[in-house]
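Visitor: I would like to look closely at one part of this model, namely the way in which its strands are paired with one another. Please go slowly and explain each term as you come to it.

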Amino acid sequence: MPNLKENIVLKTENLSIGYQSKKAQNIVASKINISIEKGQLVTVLGRNGIGKSTLLRTISKVQKPLNGSILINNKNLDNYTNKELATSLSMVLTERLPESQLTVFEIIALGRQPYTNWIDQLSKTDLDKINWAIEATEINHLKEKHFYELSDGQLQRVLIARALTQDTEVIILDEPTAHLDLHHTIKIFALLKKLVETTSKTIIMSSHEVNLSIKFADKIILFTDEEIFTGTSLELIDNNAFDNLFPKEIVNFNKSLQQFIINKK
């Protein structure tokens, strides 16, 4: 039987997240204790402003925790240099990229920066990683296109490919389907699930897509006003964690269907 501790790729201990000003702390969420195993698709769910993005930014070292600790492969995040972290964890934010003349291939090649600083000095290993990521995300037909020619759905695949090219054990995505229609949202969820299964990488993403998360995610971190739930979809359903996520006059959670249903007037 494998050692469970060895399979834990990311762990938080009594973590408090939020923002520090000169006068006071603005605590968004506290006492966060989560353990994420290698090779899982994890979704972070909750209403706007409840702390989903703040959690992802904190475990990515974009902003500092207010209290507690974050461990990646049993090593405290504070002890990682920027270069070490860049080879262990990659992140895709919701912000649009600045306008540029870069091609899709060049954008994806930027994922190799932790290993080489110049695109024109790519090694065979770098090129192999880039081409593998392009194939894995099924965007070979886009690689010569320029950034400004891409649709939102295409851009998300390109950014996921860039993160894959970075070749980190953990990939963090902040609302990767925020600007996509339902068709492309489902395709991104299916792609991420496939990547987890074929690469054993751990993908952590924030989302508002509760029904799709219940279907695709291996683990869910659910922020509610009362507490933070973690577990599989079935575990959260059994704990009635979804019952008060949305106003009941709008939607209700149907346990037998394992999804939210819009109330009919």
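Guide: Two strands are said to pair if DSSP finds at least two bridges between them. The strands themselves (E, at least two residues) and the helices (H or I, at least four residues) are DSSP runs, numbered from the N terminus. What you see is a predicted model, in which local features need pLDDT of at least 70 and side-chain atom pairs count only at pLDDT 80 or more, while totals for chains, interfaces and linings use all residues. Residues are numbered from 1 along each chain as its sequence is written, and side-chain values use heavy atoms, with hydrogens and water left out.

As a setting for the close look, the chain contains nine helices and 13 strands, and its C-alpha atoms fill a box of roughly 55 × 50 × 45 Å along the principal axes.

A good place to begin is strand β1, which covers residues 8-20 and runs antiparallel to strand β5, residues 67-72, with five bridges joining the two. If you look along this pairing, you will find threonine 12 opposite isoleucine 70 in β5, and you will also find that lysine 11 has leucine 71 of β5 as its bridge partner. Lysine 11 deserves a second look, for it stands opposite serine 35 in β3 as well. That strand, β3, consists of residues 35-37, and it pairs with β1 in the antiparallel sense over three bridges.

Strand β1 also pairs with β2, again in the antiparallel sense, and here there are five bridges. Strand β2 spans residues 25-32, and a hairpin of four residues leads from β1 into β2. Here glutamine 20 stands opposite glutamine 25 in β2. Within β1 itself there is one backbone detail to notice, since asparagine 14, which lies in this strand, has a positive phi of about 50 degrees although it is not a glycine.

Now return to β5 and follow the chain onward from there, where two bridges join β5 to strand β6, residues 75-76, and the two strands run antiparallel. Isoleucine 72 has lysine 75 in β6 as its bridge partner. The hairpin made by β5 and β6 has two residues between the strands, and in this hairpin asparagine 73 takes a positive phi near 50 degrees.

It may help to recall the general idea before going further: strands of a sheet pair through backbone hydrogen bonds, and they do so in either a parallel or an antiparallel sense.

With that in mind, turn to an open sheet of six strands, which can be read across in the order β7-β8-β9-β4-β10-β11 and whose pairing is mixed. The strands at its edges are β7 and β11 (228-231), each of which pairs on one side only. From one strand to the next, the sheet twists by 15 degrees on average; for such angles, axes are lines fitted to C-alpha atoms (for helices, over the stretch in contact), and angles run from 0 to 180 degrees between N-to-C directions.

At the β11 edge of this sheet, the neighbouring strand in the order is β10. Strand β10 takes in residues 219-223, and it is joined to β11 by four bridges, with the two strands running antiparallel. One residue pair shows this directly, as leucine 222 has phenylalanine 229 in β11 as its bridge partner.

At the β7 edge of the sheet, where β7 covers residues 89-92, a helix comes into view. Helix α6, residues 152-165, lies across β7 and β8 (170-174) and runs at about 165 degrees to β7, where contact means heavy atoms within 4.5 Å. Between α6 and β8 there is a loop, and aspartate 167 is found in that loop. Like asparagine 14 in β1, aspartate 167 is a residue to check for its backbone, as its phi is positive, at about 60 degrees, although it is not a glycine.

To retrace the path on your screen, start at β1 and find its antiparallel pairing with β5, then its pairing with β3 and its pairing with β2. After that, move to the open sheet of six strands, and finish with helix α6 where it lies across β7 and β8.
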